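Colleague: Could you give me a close look at one single part of this chain, and explain the terms as you go?

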Amino acid sequence: TGFITIDPGYKNSGSCKSEITFLDGELGILRYRGYSIEDLAEKASFLEVSYLLIFGELPTTAELENFENNIKKHSLVNEEMKNIIDGFPKTAHPMGVLSALTSALTAFNPKAVNVDNEKEMYEAICKTMAKFLVIATWTYRKSMGYPLNYYDNTKGYVENFMQLMFQLPTGPYKASPVVIDALDKLFILHADHEQNCSTSTVRMVGSSHAGLFASISSGVSALWGPLHGGANQAVLEMLEEINKDGGDTDKFLAKAKDKNDPFRLMGFGHRVYKNFDPRAKIIKKAAQEVLETLGVEDPILDIARKLETAALEDEYFKSRNLYPNVDFYSGIIYRALGIPTDMFTVMFAIGRLPGWIAQWKEMRENKEPIGRPRQIYTGHALREFKSNK
Ligand code: CMC
């Protein structure tokens, strides 16, 4: 079998070559297809960035229009999907429901996509972008006991998200442009992050030639964990707990440093960034702006700032290069926009969707072999069978 090296957590193993996202963890640099995250967050729209990630170049006006129109064309979700949602208890976590619903989409779109056929791929991509957004909001509507909304083809993608979430049959709904802009930016910042846990999962599942919906569904499950995307929910719950406890950030910092306590400072640390996460910098500024513009005063923001300052000055965090990551401030914005805490990771999933699609497409186009790591066996040698009955 040859010589096998083990690298738990793949800390030093590359799994593929990729042209999509460049990340320098020492310098805190993140670029999609060569464009800096700072530029994209400031100047591009989420659909424009999605197109860039998936197809490799920024779209022209006509290409972007076509992309958006095709997404609209696919925005209806089969009514039978509602029976599946109804099978879940109202208390189910939205991420579990989202993963199941994404997988269930396969039942209504059973035909395997021929990845060598550009048109088929394009349709599959637009279908995924459209239906995923709708079902993501349905997880929330279900938990609230509200009727499910439909995509409104007169509105943009991000505006649709707000409308799908919050429009009630009892009256008109109009999302504020400030809110739409803030969300657009947040989705861009989450759109791709090279071979993170959920993306590697999508590539791995897809490497068996499983379909796009099935692969994305597995990405949702991987993202859910608190060490990955689930951290944004965990951060807010932590900040709320500190607030309830009287705002004693030092106490929680001490807990995070205590090796006998499993508590970790959520929203801090990163496998690759050993410097400030560039996304966290942008989100921190955006959080301040959004709260000011919307006139929201939130003690949680002050606690986050206090915690951040204390951690950055602390020897434990300094010596381990632990800085705030993308999840540290995002929840504060979501909260100001009225997004419930258990939907935070779903927000991350909506943002990450184009990245998952782009990586799945690249993996299939590069004709990568099935992912199949080896192991070093540490169990019993051959044993003679003797029943224990
Ligand atoms: N609080 C306290 N100590 C920490 C933290 C933290 N948040 N993060 C890492 N450490 C310590 C860890 O105990 C270890 O210490 P020692 O060397 O004494 O054993 C050292 O720092 C290195 O940590 P690690 O767990 O070996 O690093 P990793 O690369 O395996 O883990 C991580 C990275 C992101 C899972 C981890 O930093 C963590 O659990 N952070 C909190 C959860 C979080 O915010 N996750 C979001 C990640 S960013 C976006 C995303 O993927 O969603």
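Modeller: Happy to; let's start with the bend at a residue, which is the angle between axes fitted to the seven residues ending there and the seven starting there. Please keep in mind that this is a predicted model, in which local features need pLDDT of at least 70, side-chain atom pairs count only at pLDDT 80 or more, and totals for chains, interfaces and linings use all residues. Residues are numbered from 1 along each chain as its sequence is written.

The part I would pick is α17; helices (H or I, at least four residues) and strands (E, at least two) are DSSP runs numbered from the N terminus. α17 bends by about 45 degrees at Arg 352, with a proline, Pro 354, following within four residues. Its end C-alpha atoms are 32 Å apart, which agrees with the 32 Å expected for the 22 residues of α17 (residues 344-365) at 1.5 Å a residue; the expected span is 1.5 Å times one less than the number of residues. Of those 22 residues, 19 are buried, so α17 is largely enclosed by the rest of the structure. Here a residue is buried if 20 or more other C-beta atoms, placed from the backbone, lie within 10 Å of its own. After α17 comes Lys 367, with a positive phi near 50 degrees.

For the wider setting, the domain assignment (automatic or from a database) gives domain 1 as 36-218 + 351-365 and domain 2 as 231-336. Their C-alpha centres lie 28 Å apart.

How values were computed. Buried ≥ 20, exposed ≤ 12 C-beta atoms within 10 Å, placed from the backbone.
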